[in-house]
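The following exercises practise reading a protein model step by step. Please attempt each task before consulting its solution.

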Amino acid sequence: MLVDIELLKSYGGITEDYAPSEVIFNEGEIPRYYYQIVTGAVKLNHIDDDAKELIQSILNKGQSVCELLLFIDENYPVSAITISHCTVIKVLKSKFMSLLNDHHQPSVDVRKFISERLYHKFIMMQNNASKYSNTRIKGILEYFKSFSEDQSPYSYEVPLTRQQLASITGLRIETVIRTVKKMEKDKILKIENRKIYF
């Protein structure tokens, strides 16, 4: 866990349960809470003008959700939607800021988590600028896997469809399908029951 659950509760944290595909917050809303996933998985997404989904991140147990926006006065640029059944603990922004002021280690841990996510986001953007489809796809897979505790080969089940990979990378679906098959042949990833493991 990024921040100890009991510590979050001592600052007024309350847990909420969500079914799959439920909205935690919508794009455009004002950040009012610190959210941390207790169980389950959450995606951060944006729907473009053509009604296509662009997934920005997949977050799992123990990770916080868009915490960096608590430090600036900007609305959410993405929506947070559950992928599975989830339990999320939330703490009012002002109380969370008090928690960080009162406790050194959680403050360090949150800053480190934000820094790691920004670093991987930069790398992903650089890979996405490549003219090579395998570089783009591998960059996306590395970014999403960077949030997983297990970094061993083929340990990460990619929670994205081929269509979602296409929309994130700006590639055509046919290119993604062809490239993923080649990447499997090159032992960069594995495919089992149509699921990608990286």
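**Exercise 1. A helix with two sides**

The model used here is predicted. On one side of helix α2, N101 and D102 are exposed. Determine which residues of α2 are buried, and state what covers them.

*Solution.*

Step 1. Locate the helix: α2 comprises residues 93–102 and lies across β3 and β7. Its direction makes an angle of about 80° with β7.

Step 2. Apply the cut-offs: a residue is buried under 20% relative accessible area and exposed over 50%. The residues F96, L99 and L100 of α2 are buried, whereas N101 and D102, on the other side, are exposed.

Step 3. Look down the axis of α2. The buried residues fall within an arc of 95°, so they line one face of the helix.

Step 4. Identify the cover: it includes α1 (5–10), β3, β7 and α3.

**Exercise 2. The order of the strands**

State the order in which the three strands form their open sheet, and explain why one side of β1 and of β3 has no neighbour in the sheet.

*Solution.*

Step 1. The strands are arranged as β1-β7-β3, with antiparallel pairing.

Step 2. Strands β1 (14–18) and β3 (33–39) are at the edges and have a single partner strand each, so one side of each lacks a neighbour in the sheet.

Step 3. From one strand to the next, the twist averages 30°.

Step 4. Examine one pair in detail: five antiparallel bridges join β1 to β7 (residues 86–92). Within this pair, I14 is opposite K90 of β7.

**Exercise 3. Two cysteines**

Explain why C86 forms no bond with C66, and decide whether each of these cysteines is buried or exposed.

*Solution.*

Step 1. Recall that a disulfide is a covalent bond between the sulfur atoms of two cysteines.

Step 2. Apply the cut-off: the two sulfur atoms must lie within 2.5 Å. The closest cysteine sulfur to that of C86 belongs to C66 and is 14 Å away, which is too far for a bond. The count of disulfides is zero.

Step 3. Consider accessibility: C66 is buried, with a relative accessible area of 6%, and C86 is also buried, at 3%.

**Exercise 4. The surroundings of R117**

Determine where R117 is placed, and whether R117 is buried or exposed.

*Solution.*

Step 1. R117 belongs to helix α3, which spans residues 104–128.

Step 2. The relative accessible area of R117 is 9%, so this residue is buried.

Step 3. Leaving aside residues up to four places away in sequence, R117 touches L44, L59, S64, C66, E67, Y143 and F147.

Note on methods
Residues are numbered from 1 along each chain as its sequence is written. This is a predicted model: local features need pLDDT of at least 70, side-chain atom pairs count only at pLDDT 80 or more; totals for chains, interfaces and linings use all residues. Side-chain values use heavy atoms; hydrogens and water are left out. Helices (H or I, at least four residues) and strands (E, at least two) are DSSP runs, numbered from the N terminus. Buried means under 20% relative accessible area, exposed over 50%, partly exposed in between (1.4 Å probe, protein chains only). Contact means heavy atoms within 4.5 Å. Two strands pair if DSSP finds at least two bridges between them. Axes are lines fitted to C-alpha atoms, for helices over the stretch in contact, and angles run from 0 to 180 degrees between N-to-C directions. The arc is that of the directions from the helix axis to the C-beta atoms.
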